[in-house]
Amino acid sequence: SLIVEECSFRTEDKIIAISDIEGNFNVFKDFLINNKITDKNLNWIFGKGHLVCNGDFFDRGNDVTAILWLIYKLENEAKISEGKVHFIIGNHEEMNLRGYVKYVKLKYEALANQLNIPFKELYGINTELGRWLRTKNIAIQINDILFTHGGISPQFIDKKYSIDKANNLFRKYIGYDKDYLEFINEKAYFLFDRQGPMWYRG
């Protein structure tokens, strides 16, 4: 069974972060190799370092699933070396998990049609990647650095969410239709909205 990610870490080792890969496997592969995170065969060589995948690995590109499996693999290899891979949920991850397909490459919609399932079930709770994604956070802290895909809005600060509370509330409602969520839980809805950590651009 998959364990929910912690959200606070301390390290004296290297930290490297990247976001917005958007389904481009070659760009991600080159980044990993050129920064000596992996060898040329995409095996972890970053030791006790922390790799932060800071959201928006979904959409626009053709290799979303391949990238997710690579991160999944590296996460397990990093643990063996006492390193860490953090996958942070961005707005495009969240949109896919609730079945919003505006930015999805047609091949993924076609695959869902071929399998005769709704698109959101490609990464649904009954899939390994779907379960794995639902253990992830929208914000983490490493030493004195806060990582989140969008940003921290004044409204977020006013609400006095702890990082832990925000992550747990997010995970509880991931995949919900936003209009329905606004109706049933305003505190959770805020996390998914434009002032929340996945979206905020101020």
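Buried here means under 20% relative accessible area, exposed means over 50%, and partly exposed is in between, using a 1.4 Å probe and protein chains only. Helices (H or I, at least four residues) and strands (E, at least two) are DSSP runs, numbered from the N terminus.

This is a predicted model, in which local features need pLDDT of at least 70 and side-chain atom pairs count only at pLDDT 80 or more, while totals for chains, interfaces and linings use all residues. Residues are numbered from 1 along each chain as its sequence is written, and side-chain values use heavy atoms, with hydrogens and water left out.

**Helix 7 and what follows**

With those cut-offs in hand, take helix 7 (163–173). Its buried residues are Ala 166, Asn 167, Leu 169, Phe 170, Arg 171 and Tyr 173. The cover over them includes helix 3 (91–97), strand 5, helix 6 (154–159), helix 8 and helix 9 (186–192); contact means heavy atoms within 4.5 Å. Just past the end of helix 7, Gly 175 has a positive phi of about 95 degrees.

Tyr 176 sits in the loop between helix 7 and helix 8 (178–184). Its relative accessibility is 32%, so Tyr 176 counts as partly exposed. Together with Tyr 180, Phe 183 and Ile 184, Tyr 176 makes a nonpolar surface patch of about 450 Å². Patches are built from residues with over 30% relative accessible area and no salt bridge, joining like charges within 9 Å and nonpolar side chains (Val, Leu, Ile, Met, Phe, Trp, Tyr) within 5 Å. The areas come from the Shrake-Rupley method with a 1.4 Å probe, and for residues only the protein chains shown count as cover.

**Strands**

Two strands pair if DSSP finds at least two bridges between them. Strand 2 (residues 15–18) shows alternating side chains: Ile 16 and Ile 18 point to one face and are buried, while Ile 15 and Ala 17 point to the other and are not. Strand 2 pairs with strand 3 in the parallel sense over 4 bridges, and Ile 15 has His 50 of strand 3 as its bridge partner. Add helix 1 (residues 25–34) and you get a right-handed β-α-β unit of strand 2, helix 1 and strand 3. Right-handed means that, with the strands pointing away from the viewer, the path from the first strand over the helix to the second runs clockwise.

There is also an open sheet of 3 strands in the order 1-5-6, with mixed pairing. Strand 1 (8–9) and strand 6 (145–148) are the edge strands, each pairing on one side only. Strand 5 (residues 139–142) runs antiparallel to strand 6, and 4 bridges join them. Across that pairing, Ile 140 stands opposite Phe 147.

**Two odd aspartates**

The loop between strand 3 (50–53) and helix 2 (64–80) holds Asp 56, and Asp 59 is in the loop between strand 3 and helix 2 as well. Asp 56 has a positive phi of about 60 degrees, and Asp 59 has one of about 75 degrees, though neither is a glycine. Asp 56 counts as buried at 4% relative accessibility, and Asp 59 counts as buried at 3%.

**Salt bridges**

A salt bridge is a side-chain nitrogen of Lys or Arg within 4 Å of a carboxyl oxygen of Asp or Glu. By this rule the count comes to 9. Here are some of them:

| Pair | N to O distance |
|---|---|
| Lys 84 and Glu 5 | 3.6 Å |
| Glu 22 and Arg 60 | 2.9 Å |
| Glu 77 and Lys 73 | 2.7 Å |

Lys 84 and Glu 5 form a salt bridge that links distant parts of the chain: Lys 84 is in strand 4 (residues 84–87) and Glu 5 in the segment before strand 1, 79 residues apart. Lys 84 counts as buried at 16% relative accessibility, as does Glu 5 at 14%. Both belong to a network of salt bridges that also links Glu 75 and Lys 136.

Glu 22 and Arg 60 meet in a salt bridge too. Glu 22 lies in the loop between strand 2 and helix 1 and Arg 60 in the loop between strand 3 and helix 2, so this pair ties together parts 38 residues apart in sequence. Arg 60 is partly exposed at 40% relative accessibility.

Glu 77 and Lys 73 are 4 residues apart in helix 2, which means about one helical turn separates them. Glu 77 is partly exposed, at 22% relative accessible area, and Lys 73 is partly exposed at 29%.
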